[in-house]
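Open the model in your viewer and keep the selection panel at hand. We will go stop by stop.

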Amino acid sequence: MKITYYGHSVVLVEAEGKRIIIDPFLTGNPKATVQAEDIQVDAVLLTHGHADHFGDAVEIAKRNDCPVIAVAELADYCSSLGAKAHGMNLGGGHQFDGFHVKFTLAFHSSSLTVDGQTIYMGEPAGILLTMGGKTFFHAGDTGLFGDMRLIGETNSIDAAVLPIGDGYTMGPEDALLAAKWLRASRVIPIHYNTFPGIEQDGDAFCDRLHKEGIEGKALKPGESLEF
Ligand SMILES: Nc1ccn([C@@H]2O[C@H](COP(=O)(O)O)[C@@H](O)[C@H]2O)c(=O)n1
């Protein structure tokens, strides 16, 4: 499995010829190193509906003729905009052609403001994505919660991306606990240094992971990790 970080919470996951992008906030993302129009994928996965995660989902899905996979309300919204969409909900898993998706809890909110109206987009989620025999966990935007232990006990996570920005999500202290509870083989910090209020030191977070015996890598936007 190869993962490429494009800044904020955008991750491209590749294995066995399949390419999946998660939370493709590229247009307007000051850290993005790629443009939405250059993304070629087999599916778009969304953790929740906030604009800095929803991003270019519909444009990418339409151009690639591939589905947006998301919690039902958010999937329905994508469908209403003309994209193919596959709705799921928390705790549910589904085997797609070449990859398996399961949505987990995330403690956050999920909405999108359209024409001045804030619309409920279903529950926010984390995503367990299994392909090529490896499992990748995208925590989405979330605070720390005890059932991360359960997610760690019931899954063998090869890599996890965890938000560390604080303010809207876990900060580094809580993300360190999350990393332990999730028992992920390697951890990559996300959702930091994109806009004011979420400034953090990704390398310092990884140093703390290493002291706890956990492999950590603060990927720079555009960088990849293969395992
Ligand atoms: N209802 C909302 C909307 C957004 N967020 C988070 O706030 C951050 C900034 O979002 P903007 O849309 O103002 O750029 C971002 O991390 C969102 O996920 C939120 O928590 N609740």
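The tour covers a ligand site and then a run of strands and helices. Bear in mind that this is a predicted model.

**Stop 1: the ligand**

Select the ligand and show the residues around it. You should find His50, Ala51, Asp52, Ser109, Ser111, Asp141 and Tyr168. Colour this shell by class. Two residues are nonpolar, three are polar and two are charged.

**Stop 2: strand E13**

Now select residues 159–163, which form strand E13. How many of its residues are buried? Five of the five are, so the strand counts as mostly covered. Turn it to look at each side. One face carries Ala159, Val161 and Pro163, all buried. The other carries Ala160 and Leu162, buried as well.

**Stop 3: E12, on to E13**

Add residues 134–138, strand E12. E12 and E13 run parallel, joined by three bridges. To find one contact, pick Phe136: its bridge partner in E13 is Ala159. Next show helix H4, residues 148–154. Together, E12, H4 and E13 make a right-handed β-α-β unit.

**Stop 4: E13, on to E14**

Select residues 186–190 for strand E14. E13 pairs with E14 over four bridges, again in the parallel sense. Click Ala160 and look across to E14, where its bridge partner is Val187. Then follow the chain from E13 through helix H5, residues 172–182, to E14. Which hand does this β-α-β crossover have? The crossover is right-handed.

**Last view**

Show E12, E13 and E14 together. E13 pairs in parallel with E12 and with E14.

Definitions and conventions. Residues are numbered from 1 along each chain as its sequence is written. This is a predicted model: local features need pLDDT of at least 70, side-chain atom pairs count only at pLDDT 80 or more; totals for chains, interfaces and linings use all residues. A residue is near a molecule or strand if its C-beta atom, placed from the backbone, lies within 6 Å of it. Ala, Val, Leu, Ile, Met, Phe, Trp, Tyr, Cys and Pro count as nonpolar, Asp, Glu, Lys and Arg as charged, and the others, Gly among them, as polar. A residue is buried if 20 or more other C-beta atoms lie within 10 Å of its own, exposed if 12 or fewer, and partly exposed in between; C-beta atoms are placed from the backbone. Helices (H or I, at least four residues) and strands (E, at least two) are DSSP runs, numbered from the N terminus. Two strands pair if DSSP finds at least two bridges between them. A crossover is right-handed if, with the strands pointing away from the viewer, the path from the first strand over the helix to the second runs clockwise.
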